[in-house]
Structures are given as C-alpha cells and as structure tokens.
Amino acid sequence: MKPPAFAYERPQSLHEALEILAREGAEARPLAGGQSLIPMLALRLARPTLLVDLGEIAGLDELSLDDGTLVAGAMVRQRRLERDPLVAHHLPLLAAATRLVGHPAIRNRGTLGGSLAHADPSAEYPAVALALEAELVIRGPGGERSVPAREFFLGPFTTALADGELLTAVRFPLPSAATGWGIAEVARRHGDFALAGAVTLVERAADGTCARAAIALFGVATRPVRATAAEQALVGQPLTAETFHEAAVRATEAIDEPLSDVHGSAVYRKQIVPVVVRRALEAAAQRVQAT
Amino acid sequence: MERVPITVTVNGRRISAVVEPRMTLADFLREELGLTGTKLGCEHGVCGSCTVLWDGAAVRSCLVLAAQADGATITTIEGLATDGTLHPVQEAFWEAHALQCGFCTPGMVLTAVALLAENPNPSEEEIREALSGNLCRCTGYQNIVRAVQLAARHERADT
Amino acid sequence: MSLQILPRGKWVGARVKRVEDPRFLTGEARYLADLQIPGTVHAAFVRSPYGHARIRRIDTSAARALPGVLAVFTAEDVATLPPLASGLPIEGLKPTPQTVLAKDKVRFVGEAVAVVVAENRYIAEDAAELVAVDYEPLPAVTDAERAMAPDAPLLHEDLGTNVVYQKVITLGDVDGAFAQADRIFRRRFHTNRFVAAPMETRGCLSVYERSSGHLTFYSSTQMPHMLRLFLSLFLGIPEHKVRVISPEVGGGFGQKMTIYPEEVVIAYLGKVLGRPVKWVEDRRENLAAATHAKEQIIELEAAVRNDGKVLGLKARLIGDGGAYSFNTASALIEPLAAAGIIPGVYDIQAYQHEVIAVCTNKAPVGAFRAVGWTAAQTARELFFDEIARELGLDPAEFRRRNVITSDQFPYTTITGMVYDSGSYQESLERALELVGYEELRRRQAELRQQGRYLGIGISLYVEPTAWGSEIALQAGFPFPSHDNATVTIDPTGKVRVAVSVHSHGQGHETTLAQVAAEILGVSIDDVIVEHGDTDRAPWGMGTYASRSAVIGGGMVALAAQEVREKVLRVASRLLEVAPEDLEIQEGNVFVRGAPDRSLSLFQVAFAAYLDGRVRAEGEEPLLSATKFYDPRATYSNGCIVTVCEVDGETGTVHLDKIVAVEDCGTMLNPMIVEGQVMGAIAQGIGGALFEAMVYDENGQLLTDTFVTYALPTATEVPELIIEHLETPSPVTIGGIKGIGEGGLLATPASVAGAVLDAIWPAGRAIEQLPLTPERVLRALGGELGV
C-alpha cells in the first residue's frame, strides 16, 4: 500500500506556494498535516502530480486574539488547539471538539486548516466552524477573500476553495459571556468519526429564555448543516428539558441527503440526531447556567 | 520524480539523504536506514504500529513523508534503550507481560513514553485514551495499561 | 509412560518473565518484512475487484514495460503448479480446487489474478495497476442460504451446486425427547464473519540457490514443517532441499496455519527468477484475501421440560465457506466443529445435527481461534438465556439444572467427545460470586425502573484442547496430529530445546524452557528454545488449536526426562553411586543426602561427550533425546460473565467489566495463561460488538481497511478480572490443558448475552452479530430516540 509517484515542493512563503499552485494547476495538492491526505495516497484514492508542503510557511501557525475573535492559522496543529491556554480560556468548545478528533498521534500532526479544507462530513471542526459562524480566510492568485463557514462546505470533501487557492486562517467569533456550548457525538469507538454529532451554542437572555441558538450537525449529511428549524424552536423559549426535546426533534429537518456506511445507515443516523442534539443542548444549558 | 534532499536526526545521529518524494518516513527508516523496529501494520494511519517520536511527540511514520522530516529529530524504538539498559517503559512492559507477538510493541512503548513525558501521573482513563490509537491483537490491552501505570510509578520514584 | 513426570517446582507454575521479550522491546526482533537479503525483488499481486467474473483477457504489456519491473505472471505462466484443495478425508465433501492464480474466473474480491515483480514495492504496485484485466462480471451470491437455492449463480460450475457438503446425523432418541418435552423452542442466529487480523500481515520471501537446487523459504507461518512438505510437493523440489524458516511472527490466531496460494506463487517465482522474491501483504490484501472466519447460520430447536431440563437439541448449521472449500480444513471447518460442541457443558442425551457447507462469492474461510466453537457457543448460550427467561428461570439457574457435574467425569458427550475432567459448575458459581450476581440482578431491576438498561451475560464453556489425533477425531477432523521435541545438553552443560510447535506470541521460549529447566534441574537462563526453522527443529505440525502447552510441554518433558536419565547414568559412573540416589538441582548433580558429593552439569556433560571412559556399553555420547507426543483428548473449561449498560437512546453498549474464571489444568506460567485469556476476550469483544466483514449483494467487500473494519482498542476493552481454577487433566502429561481459545470461544456469547439481557425482551429480534448501535436500537424499536 504505497503512494503513487508525485513531485514535492516545500515553499518558504505563501507567495511562493501560490505561485507553485498556479503553475501546476488542478493536479497539485497542498499538504498540511497530511493525516487524511497521506492515507488517501497510500490507498491510491488521490493522485496528485505535486504536493505542496505548507509546513515551512511562516505565519500560518499563529494563534491570536483579535477584537473578540480567535484567529487561528490554518497550520495550527490540532494538539495545540487542545492544550493552548488561549483556546482553553476563550473558546473551550474548540479544545473539546479537538479531543474528539482521532488520536493524539494524529492530532500531533493534523492541522485545523487541513481538516476544514478536507471537509469530511463526519469531522468535528467543520461543524464547530459552522456553529460559531467562523470566517475562513482564503488566499489565491487574486488576493485574499473571506468566506463564511456556511458558504464554505459544499459537499463531501468539497469546499469553496478554488484550484490555486489556500486556506490560510480561520476567524472564530467568540460567543458572548451568556452563551453556553455543547458538543455530543455517537461514534462506534473512541476517536472514530461520528455516526451523528451536534455542536450547540445557547445564549441566554436576561429573562432566562433562549436569546440565540446555533446547532450544527455532523456525520449525518453530505456536509455539516445548521439545524435552523430546531434553532428557531428554541429562541424565546425557557431553557428546559421540554424545550430541548421539542427542538431536538426538529433537528432532522435539516438533513437533506443523509450519510450511510457500514457503521451506520442513514436511518440510524437520522434516528439519533435528536439524541445528540438534545444532549449537546443540555450541556450548553448547563454551561450557561454555570456562568 | 525529482528526489528531495533531507537532513534528519535519528536516534541522535544526523543523517543526510536524498529521497523519493513519495517515500514515507516509515519506509525511509526501515528500508534506507535499516531501522526495522518501526513496524507497518496498516499503512493507512489506523494501527499505530509505526509510531515514532518526532521532536518528542508521538507521530505515525506511515502518515508522514520522509521529505517532510527534513530538520526533524526522530526517535525510534531502537533509540530508546541506552547502553543496553532498557528504558523504564520498556522495563515495565516486560515486567507486566504487556506484549505477546511484539508487533505492536514498539508503537505502544513510544506512545507510552510520549504520554508520560507530558503527563507523568496519568489516570487509567487517560492511559487508555492515549493508547486508543494503537491496535494490539494479542494482549487485550489490560497489561499494557498496567505497564504504563508501573512505568509511571517507577519514573516518579526515580525523580 | 508416567504422567507424573512434570513436577511443579521452581519453574513450572511460576510467573516467569518472558525470556524472549527484550528483543521485541528494543526493536531487534526481525519479522518477515524486516529481513533484508541482497538482491531481493518485491512482488505485488493484481487482485480481482469483482466478486464473481469471467476473465476474458489479461494484458500485461504496459506493466512489463514499466522501468524496474522484472516479471509479470498470470495463471498461464504458473500452469505447472497444481491447484490447492482441501485434503480432508471426509466422505461426501466435494473438492473445489483453487489454482494459485485465478484462471478463467474470479470468485471473490481480492482473489489473486496476476503477480508483478519489481525492484521495490512502490514500483510493483505501480505496475500492478497497469495490468489490464478484462472481466465479464457475473451475478454474485453472498448469502449462504441463497447460494443453496437451485437457481443461484454457481461458483464451481462443474459441481452443479454451491453446496459442498450436507449431512444429517441423529444421536440418541431425538424423536422421543421432542415427544416428551413440555415446551419446544426455536431460534435462528447468523454469526458474523470476522477475521484474525494479526497485527503483522502475511508475507514470504523465497530464496533459491540454483547451483544446489535449495529453496530457503521464509514465511510468516504457524506451521513451518507442513509448509515445507507442501512446497516440496507443489514445486517438485525434494523435501531435503527445502528449508522453511518462520521468523518472528506477529500473531496468527489460525490465519497463518494454512498453505496460501500466494506462498506457492512466491516460492515458485524465487525459483524461476533466480532472485530472492519478497512479498509483504498489505492490510487491504489481508482483509480481503487472507482467510475469513466464523460465519454460520445456525438454527436451533430445543425440547425442554418445564423444570428447565433440556431433553434434546436439533441444530442446522450452514457454514458460509466463501469461494473455495479452503485447504486448511475445507468449508467444513466452521459448521462441523460447531456441530460437535453444540451440547457444550450441558448434559444432553439426544441431539440431531445437520451440517451444511456452502460456497459463496466471499473470501475463503479458514481457522481463527476457537474455529466453529465461537459460533456454536454464541448460538447455544443466547438460545439458552432465552429459554430460561421464557420458563421464568434465572439464566444461571437454568445452567445449573443442565450442566455436567464434576462427579460425571469422564463424561462422554452425545457427539463422542470424552471430557476428561473439569470444573463446569464450580466455574459458574465462582464467576457469579466474583461479579456479585445477586446484587447485580437487584440493581438491574432498579435501573430498569429508571429507564436504564443494565445487562449480565453468562457464557459457560468447554474448550477442546491438546489438538492431537484423538481430539481431532472427536471434533470431527480425522487427521493425525502430533509434534516433536529434541532436548540436548551440550558439552558445557547448556540446554538446547528444539521444538516443532511454533511461537507467534505464545511465549514458548519461556514456558517450554520452564519445563526443561524443571526436569533437568537447571536455570531457564541455561536453556534456549529453538523453533520455526525446519533445519533446526524436528518435524511437527506447528501451532494451532491450543495445542502447544499440552503437546509442546509434554514432548519437552518426555525428551528432557530421557536426557535427565542419561545425565544421571553418566554421573553415577563418575560419582560411583546408583543413578536412583542422584539428584539434579541448580545445575549440579549430587548424591541425595550428601550434597557435598556433587558435580556440575558442565562436568558431567563434558565427560559424557569427551571422556569415553564414563560411557557405559551401548550408551551414546550425545546427551540428546527426541520425543514425540500425541496426547489424549483433554478439555479446558470456564465461565465468562459480562456486565454492560446499553444506552437506550443510541443503542451504544458500554462494557462495565468482564469476569473470566478459567480452568486449564496445570498452569506452566499463570502470567502467560492470563495473557492468552485477556487477549482472546478482547477479540471476543470485537466479534460481539464491532467486527464484521461486510459484502454487498454484488460481492463487493465494504470493509477492506481498518477504518471500515473496526477492531476494539484500549478504550473499548473494560476491566478484565481473571481467576484460575486448576483441575489437572488425568490424561495428559503433567495435567496440562490448553488455554488459547476459551476467551474467543465464550466472550461473544457473554457480551452479546449481556446486551440482550439488558434490553430483554427486545433482544428477541436480534439474529445477527455484531451488536452495532444500530442493531441494538432497531431491536429496541426506537422511532425517534429522543
């Protein structure tokens, strides 16, 4: 199980990387952490002519706080997101989601940007980005553009990234102090991709009702989706078990093309969506109560 | 395809080589350097048998290209014992009967070394979680968990 | 022959750390893939992407043209090699010869169609992709029952059927039992197809010396001498010019106890190409093309009295043998083994079984730890749980009312197995006690009130071990089965033990050294155990079926005993006392009662070899003996109890703990026994909850990676509590029984039983393992599981 032949370049700057990509065209692939790409090469499911290793480009692995936004470079390693005090303090949801990604050895190499650009519909990060309404910063031959998460994920392993473009950073707006978060998933084994998962954010209004809610589902559809009907069912309602139950049931409305594989059929995945949504909502509510 | 020059420090030895871009780090270690202690159990990043330490962190050498390792410091299972003395984790694996066929052992040992380096006093749950990316088909894992606990106790006693 | 010759003392029965471990811990151990011989070229197989197809044409020109490629072979190029076939002498079993590379037709995804040899594996894989095979897809059949239908697509047209064996056997008064019964119960189970998945895949390396005609064949095999025999026959190389070396082997579990077509091909390539040829199987090949295991459809019927006594059983066992009735032991390997053990530990006096073996468009089925018995145990134990509940009996009480008790040994089962000894009821009671059974049942009822699903599963088992000729016959597989050991004391007093049983994780270098050390009165540091090289070890069958402790231990004991007697005869001449008055301890031979009158083993051995004066008339200088052992049948037993909780909303199963009480008679090394038990339990968890080879209706394999085929990891295996009972076998040397398989034999039933117990009565609907969250939730009937 050996990769097919390809060329390899390791540019030192973003500019150089973009030049190489522009020159090589559609058959070139950026190489970030490689934890999804290299197995695909070994299985010969991907056949790029050139890999552009982003590992030495300065500035892509920075993590900073910018006016209520956590800005994470695309090449920030997952292991860092799991343990960095900045993330733990300002965006613990991201750290918690990271712990559900694969295993430590994978997270030591895997990157935030790599996971997002790979756009596995069962992965955690895309759903986190979607729930937080993150902005994905993209650089291409024409300069920089920013794409909201809801427009970034187009389908299984398909994103708004055009050939020759690179994802360089992600801007995560920090939730308000009155917002609680939750993440829940069902996987066959620890570290496996989810059969169904939900990321939730619940903002409490002064009167104790739900002011705003975000519910992003993963592992159930061809891309991460927001359960808008369920979100609407929450707004203005008290944060009670009954509310969550009613909202959770509506979460399946968001699933147009359900996923199905040997680990779980579409029927099953759809069936447990309300469960993971409710559990993630309960977790969010607990956290908002605690603040 | 144009070959790539790399310089990598493996088990304390600085090595310069020229590699084919598609060669994995695992194959580089095994085939080019003869360090066959690093095992290949699946070659698609699931079994963990090929785990090595990369700048001290556990990494799957089948999921990295040798070309990417330019400038890295790698420790393989061959680099763990010093002057014929087993590393405390190796010693504990022996003591606790944490291996049978031995094929997953190098990856397990190195994963445990990396865990204890950052968490010298892990709970059983933390140990199991840290090992959950490494498959073993012989032991049922329990003795491996015990070995890591034993190594943690020994290392604490020594410091 | 004295059966008491295995004393328990300093070494036998002790928790001796394994002597082989340091080389594994330091990475020095060399497995097949690690062997580097100058000039080696690398092979990759071209494998069928279809479950069933006719091969119209193969174009190898592009592959041959690729730089670095030495050769591409197809069936035409290996036409001189005979096909592989099952050699099991059973009447009515139809052979399904398999050419070593597929000819005319492919019958399963992954079947080897061609082989490429290149300078390295990367290029070999590139070239394999360039081999253009023109296939005409044929309708596939992947379900054993559908394969039995008259209009099913035929795998082997010349047979006119996919059914390679079918026979009904009636034992005892079955009609009477069913007529007398108060209740008749029926149940159908479809046990899952899962695989050994050793961490090291298969592989081999063929080194042929043209000048001498010698073939040295390295293979990751469990049975070097059997492989040598077959390679000699297949390749036409005289056996004395074939040497098989099995280096370190990274687990086998039965998957490596066969002669694979790939091995024959690689051996042949080494011979014809004149370069060492190496093939290291990759994981996808291993999952697709190495033998699969354990899939059966089992229908059971029980005649039961209202008090719970089972009067009679009927079983229909359909073994899904895959594409070929494989050479290991044919497509009967699963259903025939299962049929014999269906009565298990229970006193059943009437039994009828129908054994059916069927070919389907899936990988061939072979051995995997507890062949046949896993499926039989799973079906029977789950069935008995249900009968108990239907009768209003506790499952433990139901077992008490049917189990064979210790005063019944030796007990001959209705299928002809002679259980020599055991502790069936005792292991049940002890396991229940350890798990806190009564308290758990109370807790279960409480939690049910809260809508939570706690479950307890009991699996009470007997394990046929010591696979010699007698037990093979009792289990339905009539072929001879014995092994041999040579024990030698060299002139300096060091001990060399060469054995035909093979170690691929079992720790023979320790346990067999313990036996030799105990008998010869030396430290195990002075003993070395050699295995795996046909030039260094005496002939024998190899390692499988939990036979190495009993047979290996026994044959080493016999040979060591004979060498000990030689040593004492030499020493008696040197010390001028009768041999009966001599003792050996810690490497010294001394006069009993006068320890100062002693000689070191070095002195005695040195004299034996080099001082002709001490040699008695007819005595030989070599302190060496070769002994075989073909033991009587002996049966281990035990009880595995699982406690789990099922998430009623998602169907996921959380295992709380597993208690295993096992009895393998005399233990050579309890530490190693526990290792065997725990490892087998983890595999059983895999079989119960995670592992399944899944094919779609076209014969496409959906589980050919470790992403889709899920093995349990450290987070899925709960606390395992192991306790030993020790009932020595009265029929084997030293009272040893085997231990390798019980864990996998009994755990799927225990774990699945716990899950079904948790969700009872919803579990009635479950027919198939593994118990994925989806199956469990579907059984629970959850609509939207909020």
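In chain C, Gly319(C) stands opposite Ala357(C) in E15(C). The two residues introduce a pairing of strands: E14 (residues 310-320) and E15 (residues 351-358) of chain C run in the parallel sense and share 8 bridges. Strands are counted as paired if DSSP finds at least two bridges between them, and the elements themselves are DSSP runs, helices (H or I) of at least four residues and strands (E) of at least two, numbered from the N terminus. This is a predicted model, in which local features need pLDDT of at least 70 and side-chain atom pairs count only at pLDDT 80 or more, while totals for chains, interfaces and linings use all residues. Residues are numbered from 1 along each chain as its sequence is written, and chains are lettered from A and ligands numbered from 1 in the order in which they are written.

E14(C) and E15(C) belong to an open sheet of 5 strands with mixed pairing, in the order E7-E15-E14-E13-E8. Its edge strands, each pairing on one side only, are E7 (163-171) and E8 (183-191) of chain C. From one strand to the next the twist averages 10°. Helix H9 (residues 333-341) of chain C packs on this sheet and touches E13 (296-304), E14 and E15, its direction making about 170° with that of E14(C). Axes here are lines fitted to C-alpha atoms, for helices over the stretch in contact, and angles run from 0 to 180 degrees between N-to-C directions.

Chain C also carries a domain assignment, whose bounds come from an automatic or database source: domain 1 (32-138 + 201-249 + 256-289), domain 2 (374-464 + 633-780) and domain 3 (482-629). The C-alpha centres of domain 1 and domain 2 of chain C lie 38 Å apart. Between these two domains of chain C, 10 residues of domain 1 are in contact with 10 residues of domain 2, contact being defined by C-beta atoms, placed from the backbone, that lie within 7 Å.

Chain B offers a hairpin and a helix pair. Strands E3 (residues 51-54) and E4 (residues 57-60) of chain B run antiparallel and are joined by 4 bridges. Within this pairing Val52(B) stands opposite Val59(B) in E4(B). The hairpin has 2 residues between the strands, and Asp55(B) takes a positive phi near 50°.

The axes of H3(B) and H4(B) come within 10 Å and cross at roughly 130°. The two helices are therefore oblique to each other; angles under 35 degrees count as roughly parallel, over 145 as roughly antiparallel, 65 to 115 as roughly perpendicular and the rest as oblique. Met108(B), Thr111(B) and Leu115(B) of H3(B) meet Ile127(B), Ala130(B) and Leu131(B) of H4(B). By class, this contact has 5 nonpolar, 1 polar and no charged residues. Ala, Val, Leu, Ile, Met, Phe, Trp, Tyr, Cys and Pro count as nonpolar, Asp, Glu, Lys and Arg as charged, and the others, Gly among them, as polar.

Chain B also meets both other chains. With chain C, 45 residues of chain B are in contact with 41 residues. H2 (88-95), H3 (105-118), H4 (124-131) and H5 (142-158) of chain B each give two or more residues to that side, and H2(B) supplies the largest share, 4 residues. With chain A, 23 residues of chain B are in contact with 25 residues. There E4 and H4 of chain B give two or more residues, the largest share, 4 residues, coming from E4(B).
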